[in-house]
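This report describes the open and enclosed spaces of one protein model, and then the packing of some of its helices. Please view the sequence and structure below before reading on.

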Amino acid sequence: MGLHKFALAASAALFAAGAQAEGLKVGMITTLSGGGAGLGIDVRDGFMLAVEQSGRSDLEVVIEDDQRKPDVAVQLADKMIQSEKVDVLTGIIWSNLAMAVVPASVAQGKFYLSPNAGPSPLAGKGCHENYFNVAWQNDNLHEAAGAYANSADLKNSFILAPNYPAGKDALTGYKRFYEGELAGEIYTKLGQTDYASEIAQIRASGADSVYFFLPGGMGISFLKQYADSGVDLPVVGPAFSFDQGILQAVGAAALGVKNTSQWSKDIDNATNTAFVESFEAKYGRLPSLYASQGFDTANLLISAMGKADVADQDAFRSALQAAEFDSTRGDFAFGPNNHPIQDIYVREVVQEGDVFTNKIVSVGLKNHSDAYAADCKM
């Protein structure tokens, strides 16, 4: 794959006191081709928007496509650490790739800032002082969906997710808070596009609702096939299955669906308002939660650069843990395992003009952390 380097110029007046004189180099490994490309493109674009807005000329970002393949991601990480001499790694979307890359990277003294994947082992016993998740722990949005299902009096959910770490975390999270019965539980193939068999099982199950986690193209395929099937059960999901890129592809079939997210374009704070406007102006589309996570990840990094030199790992780590940046989510803090403590919202899919999007209808979980922090010994 070709190597793309982005160096952003700025005036010296924008340099923050304490910034590293020799600069900081970031290696971004993300998915830019194949079925999950939209997610990686959004993370990249959100991250680079924040870098550009910061005006820093001492921050270089090297970007590579992992093709959603763990072996490719490992090769890229090795190259970035050994040849490119990056200080910080970021960008991975998929939890199986994160599990292949993150432990070895932080063991080599690199910082890893996750803008998306939050597998449970890295939040619990496999946590590391140099690993920070700026998005969520994988279970979190699903836990909020389980809590919502209770409030909506859903008592017999059929649940499904792909058979990989984030899929298992998803259904674990839903079941942790959901108080009803399960009409069925299925793990599908990662990257699957034909869901006729699963929809037939849903139809025959006696379920009163469907909960699914199928990010990217998987969600588009499932929702279209579900809408065409005539099965008329309430659908609940995490934002990953009803985010901005997916909604435009699915269209009216998603209207009214409730989904859970730690971010939404209508969160009312100045940073988020400016982010949504500037992202749409630069890229010609509304941002997704992936774009917001990329943007926040970059701003966390930039805030730490303003306080400490990355060569002083203890000081830089403390600067990251302080999380003194303006998040698109508003209040943001790290828990003891370097994972977020944050509100998670319930959103509804609506139509605004010709655009399908989400609006917040309630707070699903307030100041929510994760179930694995107690197992993290740092």
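## The largest pocket

In this predicted model, the largest pocket has a volume of about 200 Å³. Its lining consists of 17 residues, and those nearest the centre of the pocket are Gly-38, Leu-39, Asp-42, Gly-245 and Ile-246. Three elements each give two or more residues to this lining: helix H1 (37–54), helix H8 (217–229) and helix H9 (244–250).

Sorted by class, the residues lining the largest pocket are 7 nonpolar, 7 polar and 3 charged. Two domains take part in the lining, with at least three residues drawn from each: domain 1 (13–117 + 268–328) and domain 2 (140–264 + 343–375).

## The largest cavity

Across the whole structure, a search finds 2 cavities of 30 Å³ or more. The largest cavity has a volume of about 110 Å³. Of the 15 residues in its lining, Ile-93, Asn-116, Trp-136, Tyr-164 and Phe-213 are the closest to the centre of the cavity.

The lining of the largest cavity comprises 11 nonpolar and 4 polar residues, with no charged residue. Where does the largest cavity lie with respect to domain 1 and domain 2? Because domain 1 (13–117 + 268–328) and domain 2 (140–264 + 343–375) both give residues to its lining, the largest cavity lies between them.

## The second largest cavity

The second largest cavity has a volume of about 50 Å³. The residues that line it are Asp-243, Gln-244, Trp-263, Ser-264, Lys-265, Pro-287, Arg-347, Thr-357 and Asn-358. By class, this lining has 2 nonpolar, 4 polar and 3 charged residues.

## Packing of helices H11 and H12

Helix H11 (residues 289–305) packs with helix H12 (residues 313–322) at an angle of about 130 degrees, and their axes are 8 Å apart. H11 is therefore oblique to H12. The crossing that H11 and H12 form is right-handed.

## Packing of helices H2 and H3

A second helix pair consists of helix H2 (residues 70–82) and helix H3 (residues 95–107), which pack at an angle of about 25 degrees with their axes 8 Å apart. How are H2 and H3 oriented to each other? Angles under 35 degrees count as roughly parallel, and H2 and H3 are therefore roughly parallel to each other. The crossing in which H2 passes H3 is right-handed.

Conventions: Residues numbered from 1 in each chain as written. Predicted model: local features only at pLDDT ≥ 70, side-chain atom pairs only at ≥ 80, totals over all residues. Heavy atoms only, no water. 1 Å grid on protein atoms, 1.4 Å probe; cavity = no way out; pocket = protein on both sides within 12 Å on 5 of 7 lines; lining within 4 Å. Points joined across faces, edges and corners; volume = space filled by probe spheres on them. Helix = DSSP H or I, 4+ residues; strand = E, 2+ residues; numbered from the N terminus. Nonpolar A, V, L, I, M, F, W, Y, C, P; charged D, E, K, R; others polar. Domains from an automatic or database assignment. Axes fitted to C-alpha atoms, helices over the stretch in contact; angles between N-to-C directions. Parallel < 35°, antiparallel > 145°, perpendicular 65-115°, else oblique. Left-handed = near helix turned anticlockwise from the far one by under 90°.
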